Amino acid sequence: MSKESFGAAPDGTPVYLYTLKNSHGMEAKIITFGGIVVSLKVPDRNGKLDDVVLGFDSPGEYVKNHSYFGALIGRYGNRIAKGKFTLDGKEYVLATNDGPNHLHGGTFGFDQRVWEADEAESVPGRSLVLKYVSKDGEEGYPGTLSVTVRYSVTDSNELEIEYGAVTDKPTVVNLTQHSYFNLAGQGSGDILSHQLTIVADRFTPIDSTLIPTGELRPVDGTPMDFRTPTPIGARINQNDQQLIYGKGYDHNWVLTRKDNGLGLVATLYEPTTGRVMDVLTTEPGLQFYSGNFLNGTAVGKGGKVYNYRNGLCLETQHFPDSPNKPQFPSTVLRPGERYETMTVYHFLTR
Ligand code: GLA
């Protein structure tokens, strides 16, 4: 495996960087701290490679600029209301790290843990297997959760992510990936002229603390309608209650799926470079977050400043607050079951 040192985690644990490549020059650099994709180079329509994810040069900067840049998210992607849920009649109390709510696994989520690279199960230069064992009670969650994530770069210019987990007690789990994309190249300005398509007829409206109300609302006639390619900036500043609550787009879409297999759920297109990113997943939901909390305080790779809406996340997931919403697809994992999901970011040009 091509492996380099990438400094150390705040507790002094050494962090390593692995490089995955394909025969067309696509290249992903991933570190063992948070399973973070620190760089992702893909060609534009002229074959020019650019790094299309926001990021930093050391683990310390990922901690300082704590907005989950490029990281694996767990145990629970997005919010759980009031940091509480009841499972099999017992109430569990989680860390509240986002106003009244629990966000992205808590104060010390998977994004800040050092993962173990399993070199025996990895394929040198092509795939990297990362493992993390989350202890019973970590951040308030029940059960020891053993998590495996395989990142692969394929010859079709795909970054493939396979997530697996098992538990020794009933628990909830919802893993995702939090890369901030800018298909014009990281640090090249805002993402408002990227065109987005989301294969979804409905979304889950939120309250003022960004918790879903429980309703599945049709996108028809709303600024949430991305059923045909639409520039992200076209409606983002409309006087719409959902956009006001989200400070822009920060919502979960209910993906239109024929089955539970891997399906195309979103396409992102950047007109100046011709880069296209298709998102395929086995998950029922997609959080589209338009980088509304980026405010120029984060200085990233190559001295690039990350301002308001300079990157966007397309986080494949189960719906936020599912542990408190019995009508949403279940996120419960029981001993003997295996959590298995897959997401693919496929890069093309047009
Ligand atoms: C998610 C959330 C956002 C925000 C970012 C991280 O995408 O939905 O509200 O917390 O993570 O800054």
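This report describes the ligand site, two sheets and two backbone features of a predicted model.

## Basis of the model

Local features are given where pLDDT is at least 70 and side-chain atom pairs count only at pLDDT 80 or more, whereas totals for chains, interfaces and linings use all residues. Residues are numbered from 1 along each chain as its sequence is written, and side-chain values use heavy atoms, with hydrogens and water left out.

## Ligand site

The ligand is surrounded by 14 residues, of which Arg79, His104, His178, Asp250 and Glu315 are the closest; a residue belongs to this shell if one of its heavy atoms lies within 4 Å of the ligand. By class, the shell holds 6 nonpolar, 5 polar and 3 charged residues, where Ala, Val, Leu, Ile, Met, Phe, Trp, Tyr, Cys and Pro count as nonpolar, Asp, Glu, Lys and Arg as charged, and the others, Gly among them, as polar.

Oxygen atoms of the ligand lie 2.3 Å from a side-chain N or O atom of Asp250, 2.8 Å from one of Glu315 and 3.4 Å from one of Gln287. Taken alone, the ligand exposes 310 Å², and the protein buries 96% of that (Shrake-Rupley areas with a 1.4 Å probe).

## Sheets

An open sheet of 5 strands follows the order β19-β18-β21-β24-β27 with antiparallel pairing, strands being DSSP runs of E with at least two residues, numbered from the N terminus, and two strands being paired if DSSP finds at least two bridges between them. Because β19 (217–218) and β27 (313–317) stand at the edges with a single partner strand each, one side of each is left without a neighbour in the sheet. Within this sheet, β18 (residues 200–204) and β21 (residues 250–255) pair in the antiparallel sense over 4 bridges, and Thr204 has Asn252 of β21 as its bridge partner.

An open sheet of 9 strands, also with antiparallel pairing, has the order β11-β12-β13-β14-β29-β23-β22-β17-β20. Its edges are β11 (116–117) and β20 (230–231), each with a single partner strand, so one side of each lacks a neighbour in the sheet. Strands β12 (residues 127–134) and β13 (residues 145–153) run antiparallel and are joined by 8 bridges, with Thr148 in β13 as the bridge partner of Lys131.

## Backbone features

Most residues other than glycine have a negative phi, and most peptide bonds are trans. A cis peptide bond, with omega about 0 degrees, joins Gly74 and Arg75, and Arg75 is found in the loop between β6 (71–73) and β7 (79–80). Asp88, a residue other than glycine, has a positive phi near 50 degrees and lies in the loop between β8 (84–87) and β9 (90–93).

Notes: Polar contact = N/O pair within 3.5 Å; in protein donor to acceptor, adjacent residues only side chain to side chain.
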